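Work through the exercises below with the sequence and the 3D view side by side. Try each task before you read its solution.

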Amino acid sequence: MTAPTPPDPPGRPARADARRNRDKLLAAARDAFAAAEGPVPLEAVARGAGVGIGTLYRHFPTREALVEAVYAAELDEVTASAPALLERLPPDAALRAWTDRYAAFVATKRGMADALRAGWASGSIATPATRERVTAALATLLAAGAEAGTLRADTDPEDVTVLLLGVFLATAADADRGRTARLLDLLVDALRPTVSP
């Protein structure tokens, strides 16, 4: 048995092939967690990334490390997508597109829920400021919509976060896969300014 390749020293950039492998592992883990009904075998993640289990363990020495990395990468993508969507779409359409992106994040998180809860409880995974970051992204979208006149100006972003969480909680085990999209359509419609008769 050959000795594992040591990780790159701190402060030194990772090799290009190591970065590619890490990215492939994160993508495979994200897909596996999103599709899973229960725990995901790490061997399946490695296979999905097209690498060996040793490569997975070099990058993520524990299941918790992999779960934390997937969660953090997804949260970064979700929150960073709000300004990018506003550059391409009108604010109300950007908000609706963002809610789809957030729904995909929540779906991925479901497959990691047990590992996340255990890691947060033990302290082996840092508790992220998820709700605050999601609310800040929503505030950006809502402010742009209020300025453009396409979204209500009297909406509290924290209230919208709570509404979204309610939608995701209510549809978590729903066999009707279209229900989440319909509820998100209704939510965004409720955030549009009312037109006086």
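**Exercise 1. How many aromatic pairs does a search of the whole structure find?**

Solution. The model is a predicted one, and a search through the whole of it finds four aromatic pairs. Begin with Tyr-71 and Phe-105, whose ring centres are 5.4 Å apart and whose planes stand at 55 degrees to each other, which makes the pair tilted. Next, place the two residues in the chain: Tyr-71 belongs to helix H4 and Phe-105 to helix H5, so the pair ties together parts that are 34 residues apart in sequence. Finally, check the surroundings of the two residues, and you will find that both Tyr-71 and Phe-105 are buried.

**Exercise 2. Classify the pair formed by the rings of Tyr-102 and Phe-168, and then place it in the chain.**

Solution. The ring centres of Tyr-102 and Phe-168 lie 5.3 Å apart with the planes at 75 degrees, and because an angle over 60 degrees counts as edge-to-face, the pair is edge-to-face. Tyr-102 sits in helix H5 and Phe-168 in helix H8, which covers residues 157–170, so that this pair links distant parts of the chain, 66 residues apart. Tyr-102 and Phe-168 are buried as well. As a last step, join the pieces: Tyr-71, Trp-98, Tyr-102, Phe-105 and Phe-168 form one aromatic cluster.

**Exercise 3. Which residue forms a salt bridge with Arg-101, and are the two partners buried or partly exposed?**

Solution. The structure holds 14 salt bridges, and in one of them Arg-101 is joined to Glu-74, with the closest N and O atoms 3.4 Å apart. This bridge links distant parts of the chain, for Arg-101 lies in helix H5 (residues 91–110) and Glu-74 in helix H4 (residues 63–88), 27 residues apart. To judge exposure, recall that buried means under 20% relative accessible area. Arg-101 has 21% relative accessibility and therefore counts as partly exposed, whereas Glu-74, at 3%, counts as buried. Both residues also belong to a wider network of salt bridges, in which Arg-30, Glu-74, Glu-77 and Arg-101 are linked.

**Exercise 4. Describe the salt bridge between Asp-185 and Arg-96, and then the one between Asp-154 and Arg-152.**

Solution. In the bridge between Asp-185 and Arg-96, the closest N and O atoms are 2.6 Å apart. Its partners come from distant parts of the chain, Asp-185 from helix H9 (residues 179–190) and Arg-96 from helix H5, with their positions 89 residues apart in the numbering. Asp-185 counts as partly exposed because its relative accessibility is 37%, while Arg-96 counts as buried at 15%. Turning to Asp-154 and Arg-152, the closest N and O atoms of that bridge are 2.9 Å apart. Here Asp-154 counts as exposed at 56% relative accessibility, and Arg-152 is partly exposed at 31%.

**Exercise 5. Which residues of helix H6 are buried, and where do they fall when seen down its axis?**

Solution. Helix H6 runs over residues 113–122, and within it Ala-115, Leu-116 and Gly-119 are buried. Seen down the axis of H6, these buried residues fall within an arc of 100 degrees, and therefore they line one face of the helix. On the face turned away from that buried side, H6 carries the exposed residues Asp-114 and Ala-121. To finish, follow the chain past the helix, where Gly-123 comes after H6 with a positive phi, near 85 degrees.

Technical notes:
Residues numbered from 1 in each chain as written. Predicted model: local features only at pLDDT ≥ 70, side-chain atom pairs only at ≥ 80, totals over all residues. Heavy atoms only, no water. Salt bridge = Lys/Arg side-chain N within 4 Å of Asp/Glu carboxyl O. Helix = DSSP H or I, 4+ residues; strand = E, 2+ residues; numbered from the N terminus. Buried < 20%, exposed > 50% of the residue type's maximum accessible area, 1.4 Å probe, protein only. Arc of directions from axis to C-beta. Phe/Tyr/Trp six-rings, centres within 6.5 Å; stacked < 30°, edge-to-face > 60°.
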